[in-house]
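User: Please take a close look at a single part of this model and explain how that part is connected to the rest. I am in my first year, so plain wording would help.

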Amino acid sequence: MAHLDGILAAYAEANKGYEESGIPIGAVIVDRSGKILGMGHNQRIQKSSPTLHAEIAALEDAGRQRTEVYRTATLYTTLSPCSMCTGAILLYKIPRVVIGENVNFKGDEDLLRARGVEVTVVNNQDCKELMRRFIEERPEEWNEDIGEAA
């Protein structure tokens, strides 16, 4: 799967979240053949969950996988992964992460790189604009999502 296709699939998930009045971040996990294993969007607000970020939702949707599946997969996410999602990427040894944008929020990309993960930021304008709009419209919910005081 080309980077653009993966980001477009993640962006579609982010839009679902926005339409559900949630936080518009989406993610997909793709195996080495290009097949989508799992997809998801941030559902912290919708499900009143402290941990259901997009990357975690995509892992949940993928279900239980063999170790070698994760170790050859690529995770596409519309926004730079936070510490929690970075931890999940490292735990399952996902070797490649493609990020739609890191202007509105820069997560733990440096930690991912330091641990050998190939990180690509594509600076997708649609991802930037959707996140910018959400942060402007609902700053309190955004700050809650990233663990910041209002």
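The part I would like described is strand 4, together with the charged pairs and cysteines elsewhere in the chain. How many residues of strand 4 are buried, and which strands does strand 4 pair with?

Analyst: The model is a predicted one. Strand 4 covers residues 96-101. Five of its six residues are buried, so the strand is mostly covered, given that buried means under 20% relative accessible area.

Strand 4 has a partner in strand 3, which spans residues 74-79. These two strands run parallel and are joined by five bridges. Within this pairing, L75 is the residue that stands opposite V97 of strand 4. The chain passes from strand 3 to strand 4 by way of helix 4, residues 83-91, and the three elements make a right-handed β-α-β unit.

Strand 4 also pairs with strand 5, residues 118-121. Here four bridges join the strands, and again the two run parallel. V98 of strand 4 faces T120 of strand 5 in this pairing. The connection contains helix 5, residues 109-114, and strand 4, helix 5 and strand 5 make a right-handed β-α-β unit. As a general point, side chains in a regular strand alternate between the two faces of the sheet.

Helix 5 leads on to the charged pairs. E109 and R113 both lie in this helix, four residues apart, which is about one turn of the helix. Their side chains form a salt bridge, with N and O 3.6 Å apart. E109 counts as buried because its relative accessibility is 1%, whereas R113, at 36%, counts as partly exposed. Salt bridges with shared partners join E109 and R113 with K106 and D110 into one network.

The whole count comes to 10 salt bridges. One of them joins R44 to D145, where the closest N and O atoms are 3.2 Å apart. This pair links distant parts of the chain: R44 is in the loop between strand 2 and helix 2, D145 is in helix 7, and 101 residues separate them. R44 is buried at 11% relative accessibility, and D145 is buried at 7%. Another salt bridge is formed by R66 and E68, at 2.7 Å from N to O. R66 counts as exposed at 52% relative accessibility, and E68 counts as partly exposed at 41%.

D31 is a charged residue without such a partner. D31 sits in the loop between strand 1 and strand 2 and is buried. The nearest side chain of opposite charge belongs to K35 and is 5.3 Å away; a salt bridge needs a distance within 4 Å, so this pair does not qualify. Leaving aside residues up to four places away in sequence, D31 touches L37, T72 and A73.

The cysteines remain. A search of the whole structure finds zero disulfides. For C82, the nearest cysteine sulfur is that of C85, 3.8 Å away; a disulfide needs the sulfur atoms within 2.5 Å, so C82 is in none. C82 is buried, with 13% relative accessibility. C127 is in no disulfide either, and the nearest cysteine sulfur, again that of C85, is 15 Å away. C127 is buried as well, at a relative accessible area of 4%.

How values were computed: Residues numbered from 1 in each chain as written. Predicted model: local features only at pLDDT ≥ 70, side-chain atom pairs only at ≥ 80, totals over all residues. Heavy atoms only, no water. Buried < 20%, exposed > 50% of the residue type's maximum accessible area, 1.4 Å probe, protein only. Lys, Arg positive; Asp, Glu negative; His and termini not counted. Contact = heavy atoms within 4.5 Å. Pairing = 2+ DSSP bridges. Right-handed = clockwise from strand over helix to strand, strands pointing away.
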